[in-house]
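Open the model in your viewer and keep the selection tool at hand. Each stop below says what to pick and what is found there.

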Amino acid sequence: MDANSQAFLDATLPHLDAVHRVARLISRDSFSADDLVQETYLRAFAGFANHVGPNTRAWLVTICLNLARSEGRRRSRRVTEVPMTTVDYVAEGTDVYSRVQANLDATAIVDALKQLPDEQRLAIVLMDIAGNTAAEVAEMLACPRGTILARVHRGRRRLAALLSEQGIDYGVF
Amino acid sequence: MACSEANLLAFLVGDLSPDETRAFDGHLLSCAECWTAVQLDRAGRAAAEQLRVHAPQSLADRVVLAVEIAANERADEYSPNEAANLRLRSAVDERPLRRLRRRKSRIAIASLAAAAGLAVGLSLAFVGGVEPEPAQIAAVVALVPSPGHAVKNTTFSRHLVVGGQRLSVRSYRVDGVVAVVATSPSEFPMPVSAHLLEGSSQDAWMATHGSLAMYCVNRSTTGRDSMLLVAPMPVAELPQIAAHLRLI
């Protein structure tokens, strides 16, 4: 591998988790999510020489969002993956009961997220799941930071209420 | 402190000064609405954070390989020698090269069959009156998944020792089918049904196995790894695929 490719991977691979989380929750399935992640990295690689910002994670997530919005992604996609197993939301090492329960909870959370308005869901995905700050998300989505905070707050409240209806609480009721 | 969403958001995100935070804490004790809002916000955040999963290693492998391929393609575009080679090959046979260019954008990493599939494939390779193949060849053939076959627990590279021969195996998707590539420091034995390629400067052979085609280049004498490519496509197309993958 040449030095440029290695430099690119050194700078961007630490943020694969964040890109993967965003792609996973804005794509229709895990296969298209992985395609989106790969295309994000290929686009980023093509533009790496021009990347000057200090926040590589936000840069990658922005590319990912733009690609997801673009129908051109399907036409330009280089790679499709053979269908594999679904994503496991549970860390290894826990007992079987906990893993099953956590998987059920994760599925319920994803379902509840889907019921939120798009703007609230995206704000939560970018902040709480991908780990970006409100200021970074505001820049990605080109809107005021206060707007992002309001969307996240309203989305969290709605998410908690939806989960509570299913008997899934996170220690507050 | 007044009861407002602006204050609530500022409190939640930590924008308030220490004095303002203390004041809002006091407000929470007397305002059930704000208290509930804070609790719901924290519960929603905690729920969302349950989805902070790590990307699978297979995805990282896939990204790295895709970047490698993209870097190689970029190098091709800027290398005068490569450009000359492409023109030379184009003059000899333009049609396969055009096909190859179309594929270039579609070549993809694919998954390898599960270990159980290897065992099953190995056993299948030796039944039903099929001419027995060397174990190394049968092992690689068995790693080509059937069309539409979903594979679990995949990896993008695998190392095997079959028949005393060390193999490194990777797989790619080409035109919707999976091609498996094995490389080895030793030469691949030639199946009975194979034929040597005339005019080749290297010890190369081709063969078919049912719907699968095999293309092998043995070059251990040159110090380079030997290569075996297996895919469910016309055997004549395999050299171009191998060239594109920089295997030959």
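Select residues 203-209 and 212-218 of chain B. These are strands β6(B) and β7(B), which run antiparallel and are joined by 7 bridges. This is a predicted model. Look across the pair: B:A207 stands opposite B:M214 in β7(B). Now move to the turn of the hairpin, where 2 residues lie between the strands. One residue to pick here is B:G210, which takes a positive phi near 60°.

Stay on β7(B) and add residues 226-231 of chain B. That is strand β8(B), joined to β7(B) by 5 bridges, again antiparallel. Pick B:A213 and find its bridge partner in β8(B), B:A231. Is β7(B) enclosed or open? Of its 7 residues, 6 are buried, so the strand is largely enclosed by the rest of the structure.

Next, chain A. Colour it by secondary structure: 9 helices and 0 strands appear. Of its 173 residues, 41% count as buried. Long-range contacts are worth showing too. Among contacts in chain A between residues at least 6 apart in sequence, 68% join residues at least 24 apart.

Select residues 118-129 of chain A, helix α7(A). The helix is mostly covered, with 10 of its 12 residues buried. Among the buried ones are A:Q120, A:R121 and A:D128. Just after the helix, click A:G131, which has a positive phi of about 90°.

Now centre on A:I124. Which residues does A:I124 touch, leaving aside those up to four places away in sequence? Within chain A they are A:L113, A:I129, A:V152, A:G155, A:R156 and A:L159. From chain B comes B:A48.

A:I124 also leads to the largest nonpolar core, which has 62 residues. A:I124 is one of those with the most contacts inside this core, a list that also includes A:V19, A:V22, A:V61 and A:L159. Helix α4(A), residues 56-69, gives the most to this core, with 8 residues. For a second, separate core, select B:L167, B:Y172, B:L229 and B:A231, which are among its 35 residues.

Last stop: show α4(A) together with helix α8(A), residues 134-141. The two pack at an angle of about 35°, with axes 10 Å apart. Their crossing is right-handed. On the α4(A) side, select A:A58, A:V61, A:T62 and A:L65. They meet A:E136, A:E139 and A:M140 in α8(A). The residues of this contact divide into 4 nonpolar, 1 polar and 2 charged.

Note on methods. Residues numbered from 1 in each chain as written. Chains lettered and ligands numbered in written order. Predicted model: local features only at pLDDT ≥ 70, side-chain atom pairs only at ≥ 80, totals over all residues. Core = buried A, V, L, I, M, F, W, Y, C linked by C-beta atoms within 7 Å. Buried ≥ 20, exposed ≤ 12 C-beta atoms within 10 Å, placed from the backbone. Helix = DSSP H or I, 4+ residues; strand = E, 2+ residues; numbered from the N terminus. Contact = placed C-beta atoms within 7 Å. Axes fitted to C-alpha atoms, helices over the stretch in contact; angles between N-to-C directions. Left-handed = near helix turned anticlockwise from the far one by under 90°. Nonpolar A, V, L, I, M, F, W, Y, C, P; charged D, E, K, R; others polar. Pairing = 2+ DSSP bridges.
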